[in-house]
Amino acid sequence: MITGALAEEIVKRYAKESSVDTQTLALKMAVAALLTPQTIANALKTTKPTDFNMILVPGLVRGDTTVISKATGIAAFKGPKYAADLPTVLDSLCEVQLSTVVPACDLLREKLQQKALQEIEKAEQNREELLKKPGSMLIGDLAVGKEFPMRVLAEIVDAALMNKETIQQTAKRFVEAGADIIDVGMVAGESQPEKARCIVEWVKQVVDVPVSIDTLDPAEIQAAVQAGADLVLSGDAGNIEEIAPFASKVAVVVIPTNQRQGYFPKKAQDRVKYLEEIISKAKKLGITKCIADLVLEPSDVLESFIAFKEFAARNPDVLLFVGVSNVTELMDADSVGVNALLARLSQEVDASILLATEKSAKAQGTVAEEVAAAKMMFLAKKRGSVPKDLGIDLLILKDKRVHEEPYDKKIEAGAKVVGVSEKPEPAVLDSTGMFKISIDRVDNVLVAVHYTSLDLSKPVNIIKGKTADSVYSKIVTMGLVSRLDHATYLGSELAKAEIALVTGKEYIQDSVLFKK
């Protein structure tokens, strides 16, 4: 294994964790990432390695390692980017064909992800057989049930208050994030059947997934079903008789309430019994596709899941709907962890549909998070494992393994160590202009708006890109920065904006991303 002088000890340490017999060669270059295939080839011509089956170079080395193979007569490949991944890569050499251009860690990640997606796809391909099993149904053309991954229903909250363009953009964004069903959220306490009809039609014009209507108002439900809605949220003791004539044609989520009388049983056993009574009545009225929602209460999550568990045990063939976002939206915690845990609990009670909303700022990204969580829990269920090492994960703000190399204070010996104040130096305007950095959340890109005067209504250039590097490189290429302090500032702000774009954090120029 080839590395740089600074990483020699850490590479040796991680290599020892593998069962593969290895030898580490540190070249004179201090930083491994600065090595090139040609410099490695030249160095190995001098050392003339023998009795080796393979040469691994750092994954961060740019270029093709074929030149090393030609110089040494030994197959040379890209290893992982980080030493911490060496044990995994070395122990997988018999399973993965390494590349001369792609880092080994990326290959393994792609392989694990591909395997995971193939397992999920297998269930989708066998849907005709799986739909014959109890506890499965079609909603529109979507197969739903215990044999399939939990489906994610993404609600456009308060859609009745939005215009057509916003509704359609939101629907498309949710589907792009992986949503299986788009839910049209009406306004509680109001009856707008014509608006419900229009919105369902607007959504169906732009997405090719089932559409549901979220209301208890019979008039709105009837209008939505006539417009092509495939699912109704919700039926309860107060409206089930009235909606039965038209809701019998579609699937209906039934809840254990009587909203007209303001009744909702708090205890799990009472909730289960009441819901069973309503569903029994719904079926007698001709609603054959009933889906049970015991209501996930944010103020009593445990009691709610006890109700789900008990209902599932007593009614194994009835599909379950879990309102995950009922909790996510009302908890001041990062949504990714909350959604993952609630998806796990939902899988344990054999849920088939999860609710996702992105009403509040902290819940942005919930649709994609629930989609990933649903796949993770499906794989864990099929493999009989915990949701770990699946090939799909929700590790966004933290890492699975430590790749960071520890700082060695020994290098300070003989060097000038300079401590700096957190108070920044006064800014000096760049003669080439200034920039306003922002994020376009619709197109998911970074935006650098260039001005040459203090008139912010007249930008000269607008540079857009997915990454800080791409935007910054274009700014440099266009000659729009001339001062080192300005260049440093731009790099820092664009990096912050990219992190905010990826994580969903709010980005405000000149403000910190994470509070201490």
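This passage describes strand pairing, helix packing and aromatic contacts in a predicted model. Residues are numbered from 1 along each chain as its sequence is written, and side-chain values use heavy atoms, with hydrogens and water left out. Because the model is predicted, local features need pLDDT of at least 70 and side-chain atom pairs count only at pLDDT 80 or more, whereas totals for chains, interfaces and linings use all residues.

Helices (H or I, at least four residues) and strands (E, at least two) are DSSP runs, numbered from the N terminus. Two strands are taken to pair if DSSP finds at least two bridges between them. Strand β10 (residues 231-235) has five of its five residues buried, so it is largely enclosed by the rest of the structure; buried means under 20% relative accessible area, exposed over 50% and partly exposed in between (1.4 Å probe, protein chains only). Strand β9 (residues 211-214) runs parallel to β10 and is joined to it by three bridges, with Ile213 opposite Val232 of β10. The connection from β9 to β10 passes through helix α9 (residues 218-226), and this β-α-β crossover is right-handed; that is, with the strands pointing away from the viewer, the path from the first strand over the helix to the second runs clockwise. β10 also pairs with β11 in the parallel sense, over four bridges. Here Gly235 has Val254 of β11 as its bridge partner. The chain passes from β10 to β11 through helix α10 (residues 240-247), again as a right-handed β-α-β crossover.

A further set of parallel pairings involves strand β13 (residues 319-322). Strand β12 (residues 290-292) pairs with β13 over two bridges, and Ala292 stands opposite Leu320 of β13. β12, α12 and β13 form a right-handed β-α-β unit. Two bridges, in the parallel sense, also link β13 to strand β14 (residues 353-357), where Leu354 lies opposite Val322. In a regular strand the side chains alternate between the two faces of the sheet. In β13, Leu319 and Phe321 point one way and Leu320 and Val322 the other, and all are buried.

Helix α11 has 17 residues, which should span 24 Å at 1.5 Å a residue; its end C-alpha atoms are 25 Å apart, which agrees. The expected span is 1.5 Å times one less than the number of residues. The buried residues of α11 include Ala268, Val272, Leu275 and Ile279, and also the charged residues Arg271 and Glu276. The elements covering the buried residues of α11 include α10, β11, β12 and α12. Just after α11, Gly286 takes a positive phi of about 105°.

Two aromatic pairs were counted, taking rings of Phe, Tyr and Trp (its six-membered ring) with centres within 6.5 Å; planes under 30 degrees apart count as stacked, over 60 as edge-to-face and the rest as tilted. Tyr263 and Tyr274 form an edge-to-face pair, 5.1 Å centre to centre with 80° between the planes. Tyr263 lies in the loop between β11 (251-254) and α11 (268-284) and Tyr274 in helix α11, so the pair ties together parts that are eleven residues apart in sequence. Tyr263 is partly exposed, at 39% relative accessible area, whereas Tyr274 is buried at 16%. The ring centres of Phe305 and Phe308 are 5.9 Å apart and their planes are at 45°, so this pair is tilted. Both residues lie in helix α12 (residues 301-314), three residues apart, about one turn of the helix, and both are buried.

Helix α17 (residues 484-503) has 20 residues and reaches 29 Å from its first C-alpha to its last, close to the 28 Å expected at 1.5 Å a residue. Its buried residues include His486, Leu490, Leu494 and Leu501. The buried residues of α17 pack against β15 (434-440), β16 (445-451) and α16 (468-477). Gly504, just after α17, takes a positive phi of about 90°.

Phe435 is located in strand β15 and is buried, with a relative accessible area of 8%. Leaving aside neighbours within four places in sequence, Phe435 is in contact (heavy atoms within 4.5 Å) with residues including Ala448, Val449, Ile463, Ile475, His486 and Leu490.
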